[in-house]
Amino acid sequence: MMRGFRGAAASAILAASAIFAQAGMASAGPLAEAAAKAEGLAASGDAIGAHDVLRQAISDFSESLPFSLGKAVFVKSDPAGYAMYEPKEEPVFKAGESLISYVEPIGLSWKQSAVQGKIETHFTVDFDILNPAGDVLAGQKAFGDFTFTGFFRNQEIYSTLTIDVSDAPAGDYILRFHFNDVNSGKRTSIDQPFKIAEN
């Protein structure tokens, strides 16, 4: 029987380098137009304007992306920020060691916030623990509940999800997360196989 869990999430400001990299991949459409405009602003010495144009373009483009999970990795400890984590080399845990997962949702939906001028996204996370045969051994609905509020659709959002499996016997398992986008009603899942070692 699995017991004990807690969830935490954090977000970081969009990094300019990530915005430029994504925009540079576009060959046509709004992203390409935004990239051209940003290049013009940058050439004229307006670095802030160029950054803001690309950030807004990526924010707007995110509305068209399907709700999915771009990354889910076991980490050694709570991340310091977006993409600022130390991955666990192997998904093997000692008896009593908690599972700490870093997960990046993509394509979250946003709506107007109660705070004037801001928008917000809201998602919950369920989890299941399965054996290799696919049998559900334990789980919890909505053990993580996260809301992010800001002035634009931030794409650098992640969740840190910690699960206590101290009562589980040694063996192979699968940790399955179900992310639920509250604003759109969409749902997406991802599996993380792991092993609890013998003492």
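Q: Which residues of helix 2 are buried?
A: This is a predicted model. Buried here means under 20% relative accessible area. In helix 2, the residues that count as buried are Leu31, Ala34, Ala35 and Ala38.

Q: Where do the buried residues of helix 2 fall, seen down its axis?
A: Seen down the axis, the buried residues of helix 2 keep within an arc of 100°. The other side carries the exposed Glu33, Lys37, Glu39 and Ala43. The buried residues therefore line one face of the helix.

Q: How far apart are the end C-alpha atoms of helix 2?
A: Helix 2 covers residues 30-43, which is 14 residues. At 1.5 Å a residue, the expected span is 20 Å. The model agrees, because the end C-alpha atoms are apart by 20 Å.

Q: Which residue with a positive phi follows helix 2?
A: The phi in question is near 95°. The residue that follows helix 2 with this value is Gly45.

Q: Are helix 2 and helix 3 roughly parallel or antiparallel to each other?
A: Helix 3 spans residues 47-61, and its axis lies 8 Å from that of helix 2. The packing angle is about 170°. Angles over 145 degrees count as roughly antiparallel. Helix 2 and helix 3 are therefore roughly antiparallel.

Q: Which residues of helix 3 meet helix 2?
A: Helix 2 contributes Leu31, Ala34, Ala35, Lys37, Ala38, Leu41 and Ala42 to this contact. Their partners in helix 3 are Gly49, Ala50, Val53, Leu54, Ala57, Ile58 and Phe61.

Q: Which strand gives the most residues to the largest nonpolar core?
A: The largest nonpolar core has 28 residues, and Leu175, Phe177, Phe179 and Phe194 have the most contacts inside it. Strands 2, 4, 6, 7, 8, 9 and 10 each supply at least two of its residues. With 5 residues, the top contributor is strand 6.

Q: How many residues does the other core, with Ala34 and Ala38 among them, have?
A: This core lies apart from the largest one. Its members include Ala34, Ala38, Ala50 and Leu54. The core has 9 residues.

Q: Is Ser113 buried or exposed?
A: Ser113 sits in the loop between strand 5 (111-112) and strand 6. Beyond four places away in sequence, Ser113 touches Lys118, Ile119, Glu120 and Thr149. Its relative accessibility is 14%, and the cut-off for this class is under 20%. Ser113 therefore counts as buried.

Note on methods:
Residues numbered from 1 in each chain as written. Predicted model: local features only at pLDDT ≥ 70, side-chain atom pairs only at ≥ 80, totals over all residues. Heavy atoms only, no water. Helix = DSSP H or I, 4+ residues; strand = E, 2+ residues; numbered from the N terminus. Expected span 1.5 Å × (residues − 1). Buried < 20%, exposed > 50% of the residue type's maximum accessible area, 1.4 Å probe, protein only. Arc of directions from axis to C-beta. Core = buried A, V, L, I, M, F, W, Y, C linked by side-chain atoms within 4.5 Å. Axes fitted to C-alpha atoms, helices over the stretch in contact; angles between N-to-C directions. Parallel < 35°, antiparallel > 145°, perpendicular 65-115°, else oblique. Contact = heavy atoms within 4.5 Å.
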